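This report describes a single protein, moving from its overall architecture to individual residues. Please keep the sequence and the structure at hand while reading.

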Amino acid sequence: MSLGYQGVLRDAFTEVSCFRTELYSCLTARGDALFELCDALLCTDGPVRTLASRVALLHAQTPHPLR
């Protein structure tokens with residue numbers, strides 16, 4: 001991997017990290033849950049037809065202490 005390519009990856013990572021930090025700071029009530037939902041929507045491979053189906057999938061993937 002060339003040094004130029006590593007620099008591009010580092011710049012992209014920095015930009016995404018800044019975006020995530022700013023997004024999280026905008027969320028007040030239930031910020032963690034809303035942030036996880038936004039993250040899941042942005043990382044979905046295809047179109048999201050309903051938010052409810054995405055929430056159900058996210059809930060199924062989240063470890064819970066009572067499971």
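## Fold and confidence

Followed along its sequence, the protein shows the pattern α-α-α, and its three helices are accompanied by zero strands. The model is predicted, and its mean pLDDT is 75, with 70% of the residues reaching 70 or more. Confidence is highest in helix α1, which covers residues 3-26 and has a mean of 82, whereas it is lowest in α3, where the mean is 67. Where pLDDT is low, predicted coordinates should not be read in detail.

## Surface and burial

Of the 67 residues in the protein, 10% count as buried. The exposed surface amounts to about 5800 Å², and carbon and sulfur atoms supply 64% of this area.

On that surface, Leu41, Val48 and Leu51 form a nonpolar patch, and together these residues have about 220 Å² of accessible area. Val48, one of the members of the patch, is found in the loop that runs between α2 (31-42) and α3 (51-61). Val48 counts as partly exposed because its relative accessibility is 37%, a value that falls between the limits of 20% for buried and 50% for exposed.

## Contacts and distances between helices

Leu23 has its place in helix α1 and, at 22% relative accessibility, counts as partly exposed. When residues up to four places away in sequence are not counted, Leu23 touches Phe35 and Cys38. A further relation concerns Leu34, which is eleven residues from Leu23 in sequence and 10.0 Å from Leu23 in space, taken from C-alpha to C-alpha.

Leu37 lies in helix α2, and this residue is buried because its relative accessible area is 16%, which is under the 20% limit. Between Leu37 and Leu51 there are 9.2 Å in space, C-alpha to C-alpha, while the two residues are 14 residues apart in sequence. Leu51 is also one of the residues of the nonpolar surface patch described above.

## The loop residue Arg30

Arg30 is found in the loop between α1 and α2. Although Arg30 is not a glycine, its phi is positive, at about 55°. With a relative accessibility of 68%, Arg30 counts as exposed, whereas Val48, in the loop between α2 and α3, counts as partly exposed at 37%.

## Cysteines

How many disulfides does a search of the whole structure find? The search finds zero disulfides, a disulfide being a covalent bond between the sulfur atoms of two cysteines. Cys26 counts as exposed, since its relative accessibility of 59% is over the 50% limit. Cys38, by contrast, is partly exposed, with a relative accessible area of 27%, and this cysteine is one of the residues that Leu23 touches.

Technical notes. Residues numbered from 1 in each chain as written. Predicted model: local features only at pLDDT ≥ 70, side-chain atom pairs only at ≥ 80, totals over all residues. Heavy atoms only, no water. Helix = DSSP H or I, 4+ residues; strand = E, 2+ residues; numbered from the N terminus. Buried < 20%, exposed > 50% of the residue type's maximum accessible area, 1.4 Å probe, protein only. Areas by Shrake-Rupley, 256 points an atom, 1.4 Å probe, with all protein chains shown as cover. Patch = residues over 30% accessible without salt bridge, like charges linked within 9 Å, V, L, I, M, F, W, Y side chains within 5 Å. Salt bridge = Lys/Arg side-chain N within 4 Å of Asp/Glu carboxyl O. pLDDT = per-residue confidence, 0-100. Disulfide = S-S within 2.5 Å. Contact = heavy atoms within 4.5 Å.
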